[in-house]
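This briefing introduces one protein structure to a reader who is new to the subject. Please keep the sequence and the structure in view while reading the points that follow.

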Amino acid sequence: MSGRPEPVIRVDHVSRWFGSVVAVSDVTFDILPGITGLLGPNGAGKTTLLRMMTGLAGVSDGSVTMFGEPVRDNPSLYGRMGVMSEHETVYSFMKGREFVRMMGRLRGVVDLDAATEKAIDLVDLPHAAHLPMGTYSRGMRQRMRLAATLVHDPEVLILDEPLNGADPRQRVHFQSLLQKLAEGGRTIVISSHILEEVEQVAETVLLIVNGKLAASGGFRSIRAALDKRPYHVRIISDDPRALASAVVRLPSVDAVNVDPDGAIIVLSNNVRDLQVELPKLAQASSISLRRVEPLDDSLESVFGYLVEG
């Protein structure tokens with residue numbers, strides 16, 4: 001008997017179309033407790049998927065369940081989830097505490113004062129709770145919106161692009177908070193179009209491309225599979241021409257160009273092999289490597305490869 005826990009959310013062969021436009025096409029996955037990243041470029045279908053997962057939109061085909069129950073038209077489930085949309089839904093004149101309290105009242109929270117303060121403390125904003133939200137930075141507004149999402153203590157969090165507008169310090173705080181919430185047993189789904197955001201916080205990644213599930217699994221396993229795609233690497237050394245002449249003979253290299261600034265750009269067919277071969281080659285040729293950096297870590301290059309594959 002498997003020790004794998006039952007999925008909290010199950011998306012089973014789900015499609016959604018609007019007229020002749022297919023937004024999501026035959027997508028299947030399970031979401032377990034912990035943090036799952038829904039990763040994809042803008043327009044990939046992430047928000048449509050999230051809306052179906054929360055019951056805000058119906059499916060054209062397939063089914064979505066949460067805790068084994070259909071999510072659409074199921075009010076008993078809505079109190080067990082907290083949803084934070086991509087678009088800001090705040091009144092600039094409303095103080096932070098008032099906003100969180102209002103959301104708690106709408107959710108039917110019994111001990112409203114205690115729940116409000118607890119949620120505000122979780123996002124580390126008690127010092128700003130008395131200020132109008134129009135005076136907040138974008139990152140602060142996102143954190144106070146998260147407090148409002150948490151005020152009724154939901155078991156499931158669905159967060160659509162929650163880190164938009166946050167500065168690096170706020171991102172770190174936000175990510176730390178999500179990890180703490182996950183350790184407490186919550187199920188968290190966070191969507192993003194930024195590769196690094198998902199890598200730093202999610203245990204499982206779902207890659208969405210053109211409305212389809214292109215890949216899923218742990219971030220490292222997905223990146224390991226992507227290592228074998230054509231990959232550009234920029235190398236700075238003390239003797240670029242000698243290095244270019246030597247590197248081009250490696251089996252993991254398809255082409256080499258020397259930039260006017262002296263850097264060489266390598267097109268590798270297996271970047272993992274290149275990482276092993278390059279230092280050995282440089283040492284054997286008495287060439288000092290000063291910098292080696294990938295040029296294809298953008299989300300667009302990853303999805304371009306997956307779509308073509």
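**Largest pocket and open sheet**

In this predicted model, 20 residues line the largest pocket, and those nearest its centre are Val83, Met84, Ser85, Met103 and Arg107. The volume of this pocket is about 470 Å³. The points below describe the lining of the pocket and then the sheet.

**Lining of the pocket**

- Helix α3 (96-106) is among the elements that each supply at least two residues of the lining of the largest pocket, together with β6 and α5.
- The largest share of this lining comes from α3, which provides 4 residues.
- Sorted by class, the lining of the largest pocket holds 12 nonpolar, 6 polar and 2 charged residues.

**The sheet**

- Strands of a sheet pair through backbone hydrogen bonds, in either a parallel or an antiparallel sense.
- In this model, 6 strands form an open sheet with mixed pairing, and their order is β6-β7-β8-β3-β9-β10.
- Strands β6 (81-84) and β10 (212-217) stand at the edges with a single partner strand each, so one side of each has no neighbour in the sheet.
- From one strand to the next, the twist averages 15°.

**Details of pairing and packing**

- The pairing of β9 (residues 204-209) with β10 is antiparallel and extends over 5 bridges.
- Val209 has Lys212 in β10 as its bridge partner.
- Helix α5 (residues 138-150) lies across β6 and β7 (156-160), and this helix runs at about 155° to β6.

Definitions and conventions:
Residues numbered from 1 in each chain as written. Predicted model: local features only at pLDDT ≥ 70, side-chain atom pairs only at ≥ 80, totals over all residues. Heavy atoms only, no water. Pairing = 2+ DSSP bridges. Axes fitted to C-alpha atoms, helices over the stretch in contact; angles between N-to-C directions. Contact = heavy atoms within 4.5 Å. 1 Å grid on protein atoms, 1.4 Å probe; cavity = no way out; pocket = protein on both sides within 12 Å on 5 of 7 lines; lining within 4 Å. Points joined across faces, edges and corners; volume = space filled by probe spheres on them. Nonpolar A, V, L, I, M, F, W, Y, C, P; charged D, E, K, R; others polar.
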